[in-house]
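Subject: Handing over a structure for you to look at

Hello,

I am passing on a structure that I have been reading through, and I would be glad if you kept it open while you go through my notes below.

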Amino acid sequence: SWLNGGLFGVAVPFSAYFGGGLSGSTYFDLIFRVDFPTDTFSVVDATIGTGSRAGAGFSNNNTAGYVVGGGTAATQIDEINKFLYDSETSSVLGTAMPTAYENGCGLANSPTSGYEGGGYPSVATVRVWTFSSDSYAANATNLSAAKNAMAGHSNNGTAGYWSGGQAASDLNVIDKTTFSD
């Protein structure tokens, strides 16, 4: 499905944005907007750096959304895309991911940090992104197992939760990352 992208935020005026995706063998670099009050869907002028699928996403409140990593038919990518909500502009940041992953999961402790956990190839790492400097901080405590394709949930100011996922088989585990930033 072409909606196989990274959902990366909700912003004023009540819209959700997501970037990338895959349809057949075509990888999209488009950024899509869903306006909640009117139930309309559109493509914005900005794009992500590389057409890809399965990037992780997180949002810095009403300021910016991020898509990190992703994959193409050939490889996983290490790029970090930042999308400014007020101007609907996007840029690839100069800082790359420490390792290229796809199918990671993102969540945020806004307005302080974004978190990206797991990824394919399956890893247990939880990476912390600092919004104020747009750079990586030290990694958080690892997940209980190397996995990808999880769902992420935030209790802002307290903790993030990583549920399910895949490794050698489907997982029925919920991991907790206490926010220390």
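Which residue in E8 is the bridge partner of Lys82? The partner is Ser91, and since this model is a predicted one, please read that pairing, like everything else in this message, as a feature of a prediction.

That pair belongs to the contact between E7 and strand E8 (residues 89-92), two strands that run antiparallel and are joined by four bridges. E7 and E8 form a hairpin with four residues between them, and in that turn Glu88 has a positive phi of about 50°. Strand E7 itself, which covers residues 80-84, is mostly covered, with four of its five residues buried. E7 also pairs with strand E6 (residues 64-68), again in an antiparallel way, and here five bridges join the two; one pair to look for is Gly65 with its bridge partner in E7, Phe83. As background, strands of a sheet pair through backbone hydrogen bonds, either parallel or antiparallel.

Stepping back to the whole protein, you will find zero helices and 15 strands. The radius of gyration is 15 Å, close to the 16 Å that the globule rule gives for 181 residues, so the protein is as compact as a globular protein of that length. The C-alpha trace spans about 40 × 35 × 30 Å along its principal axes, and 47% of the 181 residues count as buried. Among the contacts with a separation of 6 or more, 40% come from residues 24 or more positions apart. The exposed area is about 8,200 Å², of which carbon and sulfur atoms supply 52%. As for charge, there are 6 positive and 14 negative side chains, and the centres of these two sets lie 7 Å apart.

A further hairpin is made by E3 and E4, with four residues between them, and Asp39 in its turn has a positive phi of about 50°. Strand E3 (residues 26-35) and strand E4 (residues 40-47) run antiparallel and are joined by five bridges, and within this pairing Arg33 has Ser42 in E4 as its bridge partner.

Further along the chain, four strands form an open sheet in the order E9-E10-E11-E12, with antiparallel pairing. Strand E9 (105-109) and strand E12 (135-136) stand at the edges with a single partner strand each, so one side of each is left without a neighbour in the sheet. Inside this sheet, strand E10 (residues 113-117) is joined to strand E11 (residues 126-130) by five bridges, and Glu116 stands opposite Arg127 in E11.

The loops of this sheet hold two cis peptide bonds that deserve a look. One joins Ser110 and Pro111, with omega at about 10°, and Pro111 lies in the loop between E9 and E10. Another joins Tyr120 and Pro121, with omega at about 0°, and Pro121 is placed in the loop between E10 and E11.

Finally, please look at two residues other than glycine with a positive phi. For Ala54, in the loop between E4 and strand E5 (56-60), phi is near 60°, and this residue counts as buried because its relative accessibility is 6%, where the cut-off is under 20%. For Asn61, in the loop between E5 and E6, phi is near 45°, and with a relative accessible area of 38% Asn61 is partly exposed.

With best wishes

Key: Residues numbered from 1 in each chain as written. Predicted model: local features only at pLDDT ≥ 70, side-chain atom pairs only at ≥ 80, totals over all residues. Heavy atoms only, no water. Buried < 20%, exposed > 50% of the residue type's maximum accessible area, 1.4 Å probe, protein only. Pairing = 2+ DSSP bridges. Rg over C-alpha atoms; globule rule 2.2 N^0.38 Å. Contact = heavy atoms within 4.5 Å. Areas by Shrake-Rupley, 256 points an atom, 1.4 Å probe, with all protein chains shown as cover. Lys, Arg positive; Asp, Glu negative; His and termini not counted. Charge placed at Lys NZ, Arg CZ, Asp CG, Glu CD.
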